[in-house]
Amino acid sequence: MNTEPFDVSSRLDSEHLAALNLLPSSLLDLTDLAESRKRINGRWAAMPKPEIPASVSIVDHLVEGFDGHPLMVRLYKPDTERPSSPGFYWVHGGGLILGDVSNSDPWCAEVACDLDVVVASVEYRLAPEFPYPIPLEDCYAGLTWFFDHATATGMNGSRIAIGGSSAGAGLAAGLAMLARDRGQVQTCFQFLRAPMLDDRNDTRSSYLITDARLWNRAANQAAWNAYLGGKAGASDIPAYAAAARATDLAGLPPAIITVGDLDLFVDEDVAFAEGLLHAGVPTELHVYPGAFHGSIGSVPDSDISRRWKRDEFAALDRALNDGQ
């Protein structure tokens with residue numbers, strides 16, 4: 001197995017290369033996490049963003065977390081008369097240590113508008129201040145609130161998909177297992193974009209991506225250790241914390257997994273898709289040649305990103321709206 005790092009830029013088309021070259025090499029230096037958060041949040045705030053559709057209302061709800069901690073769940077509702085809309089529960093990315101719900105506002109509002117569904121996004125607490133299981137339990141508390149308030153929010157509680165991007169997708173994968181095992185909420189679909197699944201960092205692709213401008217091996221190891229209290233790679237990490245550890249994937253909802261072939265996570269994502277399929281879970285897998293981690297957002301108008309987005313929307317539409 002070749003695990004020698006390679007030059008990602010040599011595999012990129014002109015659009016993706018230009019986007020990569022705009023990223024500073026210090027972007028993901030996590031040595032000083034407080035400073036990293038300021039730097040990354042500032043960069044995010046300065047980026048141009050799509051307009052929120054006027055037909056979508058956004059309302060924040062403060063709910064009680066699993067440990068009594070106040071937890072914010074943001075709802076995005078389309079301005080339609082459709083009764084009992086399906087629901088989509090979203091978990092934002094950020095390596096388990098970065099980000100907030102506002103990062104996903106344009107995406108969540110677009111899903112609500114284009115698919116005519118109610119979307120919820122949860123403001124879970126971040127590591128290392130709040131390590132596992134707190135972020136996952138926050139996500140579960142938000143999901144149960146979303147389910148319990150289905151009627152009040154105009155949603156069909158029997159048709160809720162869960163999803164996320166990167167670390168959010170990893171949390172969503174763990175959340176799907178937690179929901180299956182606790183039996184309080186039945187989810188109908190998993191939407192996993194470039195999910196962060198494996199704390200062991202022992203796949204081929206986990207060694208290949210070392211470019212400091214991208215989510216790379218060093219950043220991934222630091223993030224997992226922040227989430228797992230310095231125990232990343234230990235033998236006793238539960239599957240709820242790192243979904244790649246799961247030995248029982250039966251009974252999970254159907255899934256779509258999407259990832260670029262230049263992503264640190266590509267090998268663990270392909271392996272997880274294979275595990276779902278072997279467990280009898282209907283699973284759609286897309287690997288996009290020439291795409292790196294986050295490129296669907298940083299190069300949204302490229303042919304690759306447009307195809308990626310079409311595939312995701314089509315799968316989510318089928319999962320939520322077929323037969324409605």
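The legends below walk through several close-up views of a predicted model.

Local features are described where pLDDT is at least 70 and side-chain atom pairs count only at pLDDT 80 or more, while totals for chains, interfaces and linings use all residues. Residues are numbered from 1 along each chain as its sequence is written, and side-chain values use heavy atoms, with hydrogens and water left out.

**View 1. Strand β7 and its partners, β6 and β8.** Helices (H or I, at least four residues) and strands (E, at least two) are DSSP runs, numbered from the N terminus. Strand β7 covers residues 255-262, and seven of its eight residues are buried (buried means under 20% relative accessible area, exposed over 50%, partly exposed in between, with a 1.4 Å probe and protein chains only). Strands pair if DSSP finds at least two bridges between them. Strand β6 (residues 187-193) runs parallel to β7 and is joined to it by four bridges. With strand β8 (residues 283-292), β7 also pairs in the parallel sense, over seven bridges. Here you can find glycine 260 opposite tyrosine 288 in β8.

**View 2. The β-α-β unit and a nonpolar patch.** Follow the chain through β7, helix α8 (residues 266-278) and β8, and you trace a right-handed β-α-β unit. Right-handed means that, with the strands pointing away from the viewer, the path from the first strand over the helix to the second runs clockwise. Val270, Leu285 and Val287 form a nonpolar surface patch with about 190 Å² of accessible area together. Patches are made of residues with over 30% relative accessible area and no salt bridge, with like charges joined within 9 Å and nonpolar side chains (Val, Leu, Ile, Met, Phe, Trp, Tyr) within 5 Å. A salt bridge is a side-chain nitrogen of Lys or Arg within 4 Å of a carboxyl oxygen of Asp or Glu. Accessible areas come from the Shrake-Rupley method with a 1.4 Å probe, and for residues only the protein chains shown count as cover. Leucine 285 sits in strand β8 and is partly exposed, at a relative accessible area of 35%.

**View 3. Arginine 193 in strand β6.** This arginine counts as buried, at 12% relative accessibility. Across from arginine 193 stands threonine 258 in β7. Its contacts (heavy atoms within 4.5 Å) include Trp107, Thr258, Trp308 and Glu312, not counting residues up to four places away in sequence. Tyrosine 76 is 117 residues from arginine 193 along the chain, and their C-alpha atoms are separated by 20 Å.

**View 4. Histidine 16 in helix α1.** Helix α1 spans residues 14-21. Histidine 16 is buried, with a relative accessible area of 0%. Leaving out residues up to four places away in sequence, histidine 16 touches several residues, among them Gly290, Phe292, Val299 and Ile304.

**View 5. Backbone details in the loops.** Most residues other than glycine have a negative phi, and most peptide bonds are trans. Alanine 127 and proline 128 are joined by a cis peptide bond, with omega about 0°. Another cis bond leads from tyrosine 132 to proline 133, where omega is near 10°. Proline 133 is found in the loop between β4 and α4, and proline 128 has its place in the loop between β4 (118-122) and α4 (134-148). Leucine 96 has a positive phi near 75° and lies in the loop between β3 (85-91) and α3 (105-115). For asparagine 201, phi is also positive, near 50°; this residue belongs to the loop between β6 and α6 (204-208). Leucine 96 is buried at 3% relative accessibility, and asparagine 201 is buried at 4%.
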